[in-house]
Amino acid sequence: YQRRVHGGQPAPFYVTPKLSFHKDQGRVSVMVGLKGGGIGISEKGIQEVKCRVQLPQNTESVSLSSTQGNHTFDTVTKELRWDIGRIGSQKAPSLTGSINAAGGTEFPDCGSPNVLVDFRLPLIALSGLKIDSVSLLNEKYKPYKGTRAMSKSGQYTIRTA
């Protein structure tokens, strides 16, 4: 069951993307971390964190390094993918490096691209949805009437300036 709820809690993490383009070269810097040191987050942290950045179409090569996870650059779609994995209370993961335009061309002035983030947050409902009671009828055994929350991202977009 999926439902869009307005007025829920903000995401308990931050993403700070910095992308700049100068003629035929560019710089990329993306940092992801927990807000407030992760207070209120379970010991499992934020899981399956993935960032995607659509780079300009004339991007030829990238030279990147990340402090956590794996990054790939798709030369056909010009999309940069960074699979971070789990973010706990340790140091915030970052991805930094440079990008180069195809021979002799310059990057177009198309502004800064958006960063798309996918994540899974166990034991927390960002929507603020709470279950008041559970009723089970006509059961011969005594069931456990507990609930667990799970937040999973849909289209979570970070706009860069």
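Trainee: Which residues does Glu79 touch, not counting residues up to four places away in sequence?

Mentor: Glu79 touches Arg52, Val53, Gln54, Thr72, Phe73 and Asp74. Bear in mind that this is a predicted model. Contact here requires heavy atoms within 4.5 Å.

Trainee: Where does Glu79 sit?

Mentor: Glu79 is in strand E6.

Trainee: Is Glu79 buried or exposed, and what makes it so?

Mentor: Its relative accessible area is 12%. Buried means under 20%. Glu79 therefore counts as buried.

Trainee: What makes Arg52 and Glu79 a salt bridge?

Mentor: The closest N and O atoms of Arg52 and Glu79 are 3.9 Å apart. The cut-off is within 4 Å, from a side-chain nitrogen of Lys or Arg to a carboxyl oxygen of Asp or Glu. The Arg52–Glu79 pair meets that cut-off, so it is called a salt bridge.

Trainee: Which parts of the chain does the pair link?

Mentor: Distant ones. Arg52 is in strand E3 and Glu79 is in strand E6, 27 residues apart.

Trainee: With which residue does Arg81 share a salt bridge?

Mentor: With Glu79: the N to O distance between the side chains of Glu79 and Arg81 is 2.8 Å. Again, the limit is 4 Å.

Trainee: Why speak of one network here?

Mentor: Look at the shared partner. Glu79 bridges to Arg52 and also to Arg81. Salt bridges that share partners join Arg52, Glu79 and Arg81 into one network.

Trainee: Why are Arg52 and Arg81 called partly exposed?

Mentor: Set each value against the class limits. Partly exposed lies between buried, under 20%, and exposed, over 50%. Arg52 has a relative accessible area of 25%, so it is partly exposed. Arg81 has 33%, so it is partly exposed too.

Trainee: How many salt bridges does a search of the whole structure find?

Mentor: It finds 3. One of them joins Glu48 and Arg120, with the closest N and O atoms 3.2 Å apart.

Trainee: What makes the Glu48–Arg120 pair a tie between separate parts of the chain?

Mentor: Glu48 lies in strand E3 and Arg120 in strand E8, so the pair ties together parts that are 72 residues apart in sequence. In general, side chains of opposite charge can pair when their charged atoms come close.

Trainee: Are Glu48 and Arg120 buried or exposed?

Mentor: Neither label fits. Glu48 has a relative accessible area of 42% and is partly exposed. Arg120 has 22% and is also partly exposed.

Trainee: What elements make up the chain?

Mentor: It has 0 helices and 10 strands.

Trainee: Which residues have the most contacts inside the largest nonpolar core?

Mentor: Phe13, Val15, Val32, Val117 and Phe119, in a core of 30 residues. Strands E1, E2, E3, E6, E7 and E8 each supply at least two residues of this core.

Trainee: What does Phe13 touch beyond four places in sequence?

Mentor: Its contacts include Val32, Ile46, Val117, Phe119 and Tyr156.

Trainee: What share of the chain counts as buried?

Mentor: Of the 161 residues, 34% do.

Trainee: How do you know that contacts join residues far apart in sequence?

Mentor: Take the contacts between residues at least 6 apart in sequence. Of these, 75% join residues at least 24 apart. Ser98 and Arg27 give an example: 71 residues apart in sequence, yet 4.5 Å apart in space, C-alpha to C-alpha. Ser98 is also in contact with Gly26, Ser61, Val62, Ser63 and Leu64, among others.

Trainee: Why is Ser98 called partly exposed?

Mentor: Ser98 lies in strand E7. Its relative accessibility is 23%. The buried class stops under 20% and exposed begins over 50%. Ser98 therefore counts as partly exposed.

Trainee: Ile124 and Leu136: which class does each fall in, and why?

Mentor: Ile124 has 14% relative accessibility, so it counts as buried. Leu136 has 47%, so it counts as partly exposed. Ile124 lies in the loop between E8 and E9, and Leu136 lies in that loop as well.

Trainee: What makes Leu136 eligible for a surface patch?

Mentor: A patch residue needs over 30% relative accessible area. Leu136, at 47%, passes that limit. Leu136 forms a nonpolar patch with Ile131 and Val134, with about 260 Å² of accessible area together.

Notes:
Residues numbered from 1 in each chain as written. Predicted model: local features only at pLDDT ≥ 70, side-chain atom pairs only at ≥ 80, totals over all residues. Heavy atoms only, no water. Helix = DSSP H or I, 4+ residues; strand = E, 2+ residues; numbered from the N terminus. Buried < 20%, exposed > 50% of the residue type's maximum accessible area, 1.4 Å probe, protein only. Core = buried A, V, L, I, M, F, W, Y, C linked by side-chain atoms within 4.5 Å. Patch = residues over 30% accessible without salt bridge, like charges linked within 9 Å, V, L, I, M, F, W, Y side chains within 5 Å. Areas by Shrake-Rupley, 256 points an atom, 1.4 Å probe, with all protein chains shown as cover.
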